[in-house]
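Biologist: Please take a close look at the interface between the two chains, and then follow it outward to the pockets and cavities around it. A connected account would serve better than a table.

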Amino acid sequence: MHNMETAESNIQFKPETLKEIDRIIKQFPEGKQKSAILRILHMAQEEFGNWLSVDVMDYVSRLLHIQPIEVYEVASFYSMYNLNPVGKVVIEFCHTGPCCLVGAEKILKHIQTSLNIKTGETSSDGIFTLKAAECLGACGYGPMLQIGETYYENLTEEKVDNLLLTLRTKHS
Amino acid sequence: MGRKILLEKINVENIHTYDVYRKEGGYEAVEKALKKMTPDEVVEEVKKSGLRGRGGAGFPAGMKWSFIAKPEGVPRYLLCNADESEPGTFKDRYLMEKNPHLLIEGMILSSYALGCNTSYIYIRGEFMWILRILEKAIAEAYTNGWLGKNIKGSGYNLDLYVTPGAGAYICGEETALIESLEGKRGNPRMKPPFPAIKGLWQCPSVVNNVETLASVVSIVNNGGDEYAKIGIGRSTGTKLISACGNISKPGVYEIELGLSVEEFLYSDEYCGGIKDGKRLKACVPGGSSVPILPHYLVTKTSAGEQRLMSYESLADGGFATGSMLGSGGFIVFDEDQCIVRNTWNFTRFYHHESCGQCSPCREGTGWMEKVLHRIENGHGHKHDIDLLWDVQRKIEGNTICPLGDAAAWPVAAAIRHFREEFEWHINEPVKCLEKNYGLVKEPVLAI
């Protein structure tokens, strides 16, 4: 059962994040603070483990003085928000046409084999979640994937191996 | 070398910083407009320039601006569409990343022309690092007095902010963008009313693409007439083309509209030809939504005339034998690519990105994806091609926003030009899993 009181006491942005949120809300006219929701949800995801739990979404609704349903409907619409727990590293792999013309499907298969997971799954060590993403706007530099705010472009199997190794070491 | 306007300074070291941008003549257009021009005069120059929307639709920018309602005491908003998500398109990203002040300067000019005191850049959420580049540049512009209250003593006030999306192609549609900017799901609105009358928070708004707004800088600096001299006919000015797929030199190129497709595709200044010496199979010249052209219609029109990179020439022949300039996402397919697979891939994209409001799009894209998937995987039925044709016909024109059309057109064009390849998949279900079809034959016209 979802416990409102625990949620209220446990979930709290860091003070500097709250300051940043205050700055963002001020970018919109009085009473239009809801416009800040997409950006705040990005920040929430970053600060609370790469995904948005109901408790986190409820917390955001209280910050913005809107109904929880207004947060749920937004969070469930946009593909960058994870509504279930994910690994420490979320790989968004572009599998749209232009990337496939230059070998994305082969690289995707290589990642699946290396991590022993299918698209949408998390590796058994809990480090990697693999998501297939639609066009990330890097069509001339494919195959490509995104992790956090970083684009990894012109991928080869070798580049992927090095990247996975670096990330695994960092997060083990 | 073609004429460069948007990318003229792109390789100047540190052009992304205010000091270098200013030293290179940056913000002179704002100085000129605020000191010597009325807002209406700026609109007039943009009208004279013939500049057309660079996001895909190609609607004249000056005319779009002239539609904005000006009720007393109601704020107006300029919204920059930086939601670049059309497969094959990665030009705005390049411009914003490398030369953010050019967009900011274009937005100040355009906001002044429209009488907006607050403007927003809506950028796709995946480009968060570009959002940070833009915010840094905006902060520099504030510090140096180009944004904020009483800009350079002109009495004109402008605040400019950047706000992210979170992964939704549909938010590139202007009313979906507005909904998203209001903090809601990106569901396109019924029109009318158009954003120019009731847009952001029900206030008059204009939504323009990054490249369109950046082009205004040169128009104000040199005059609309000068801009109109560049290009060909009603395709005035330059256009950013993002070239990708099986070419030697993928990347973002600025071309003068009217350049021949042949030169763009084969010269070393641009795409450098098909990669690894292979033959051209097909080309989608303006982003995934526009009709695909088979190899024999890429560099020449059906009448045998040279095909040019312009709104008119790429559309020559209508959808029967032409396509569209669209967003400038130029996708090239070599002889080893499978059209059925690519059409299935694009359709999966539209199915994924459909907002779900209109049933023809929500259901139709899903059906097309399923049917294409089974044809591609050797399970197609004889009637599937007709079924696909029927479904795409029922989506086109029957939805609130153009996503439905954008999903239907690639399927229609693929069947129109590559029917024999679809039939081969159905007739040779084993072979089609092992190899690709190769080039389609040019139809011989009976005289």
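Modeller: Two residues are taken to be in contact when heavy atoms lie within 4.5 Å. The model is predicted, and on that definition 58 residues of chain B are in contact with 40 residues of chain A. The size of an interface is often given as the accessible area lost when the parts come together. Here chain B and chain A bury about 3,900 Å² between them, and 55% of this area is on carbon and sulfur atoms. On the chain B side, Ala166(B), Arg185(B) and Trp201(B) lose the most area to chain A, together 16% of what that side buries.

The polar part of the interface can be described next. Between chain B and chain A there are 25 residue pairs in polar contact, counted where both residues have pLDDT of 80 or more. The side of chain B that touches chain A draws at least two residues from each of several elements, among them helix H5 (91-98), helix H7 (128-143), helix H8 (174-181) and helix H14 (339-353). Strands of chain B that do likewise include E2 (118-123), E3 (159-164), E7 (238-245) and E11 (329-334). H14(B) provides the largest share of that side, eight residues. By class, the residues of this side of chain B are 29 nonpolar, 17 polar and twelve charged.

Side chains of opposite charge can pair when their charged atoms come close. Six salt bridges are counted between chain B and chain A, while the structure holds 44 over all chains. In one salt bridge, Glu135(B) pairs with Arg39(A), with 2.8 Å between the closest N and O atoms. Glu135(B) belongs to helix H7 of chain B and Arg39(A) to helix H3 of chain A, so this pair joins two chains. In another, the side chains of Arg348(B) and Glu134(A) meet at 2.9 Å, N to O.

As for the partner, chain A has eight helices and four strands. From the N terminus on, its elements follow the order α-α-α-α-α-β-α-α-β-β-β-α. The C-alpha atoms of chain A fill a box of roughly 50 × 35 × 25 Å along the principal axes.

Helices H3(A) and H7(B), which carry the Arg39(A) and Glu135(B) pair, return in the second largest pocket, where each supplies at least two residues of the lining. This pocket holds about 830 Å³ of space. It is lined by 29 residues, and His42(A), Glu46(A), Asn50(A), Gly148(A) and Glu149(A) are the closest to its centre. Other elements of chain A that supply at least two lining residues include helix H2 (15-25), strand E1 (89-94) and helix H8 (157-171). H3(A) contributes the largest share, six residues. The lining of this second largest pocket divides into eight nonpolar, ten polar and eleven charged residues.

The largest pocket encloses about 1,300 Å³ of space. Among its 47 lining residues, Gly55(B), Gly56(B), Ala57(B), Gly172(B) and Pro402(B) lie nearest the centre. Helix H4 (61-66), H5, strand E4 (205-209) and helix H17 (403-427) of chain B each give two or more residues to this lining. E4(B) gives the most, with five residues. In class, the lining of the largest pocket has 20 nonpolar, 16 polar and eleven charged residues. Helix H5 of chain B thus belongs to two descriptions: the side that touches chain A and the lining of the largest pocket.

Enclosed space remains to be described. Four cavities of 30 Å³ or more are found in the whole structure. The largest has a volume of about 80 Å³. Of its 13 lining residues, Cys355(B), Cys358(B), Cys361(B), Cys401(B) and Leu403(B) are the closest to its centre. Its lining comprises eight nonpolar, five polar and no charged residues.

The second largest cavity has a volume of about 70 Å³. Among the residues that line it are Val284(B), Ile339(B), Asn342(B), Thr343(B), Phe346(B) and Pro410(B). H14 and H17 of chain B each give two or more residues to its lining, with H14(B) giving the most, four residues. The lining of the second largest cavity is made up of seven nonpolar, three polar and no charged residues. H14(B) therefore takes part both in this lining and in the side of chain B that touches chain A, where its share is the largest.

Notes. Residues are numbered from 1 along each chain as its sequence is written. Chains are lettered from A and ligands numbered from 1 in the order in which they are written. Side-chain values use heavy atoms; hydrogens and water are left out. Buried area is the accessible area (1.4 Å probe) that two parts lose on being put together, summed over both. A salt bridge is a side-chain nitrogen of Lys or Arg within 4 Å of a carboxyl oxygen of Asp or Glu. A polar contact is a pair of N or O atoms within 3.5 Å; within protein, one must be able to donate a hydrogen and the other to accept it, and residues adjacent in sequence count only if both atoms are side-chain atoms. Ala, Val, Leu, Ile, Met, Phe, Trp, Tyr, Cys and Pro count as nonpolar, Asp, Glu, Lys and Arg as charged, and the others, Gly among them, as polar. On a 1 Å grid over the protein atoms alone, a cavity is a set of points where a 1.4 Å probe fits but cannot get out, and a pocket is an open set with protein on both sides within 12 Å along at least five of seven lines; lining residues have an atom within 4 Å of a point. Grid points are joined across faces, edges and corners, and a volume is the space filled by probe spheres set on the points.
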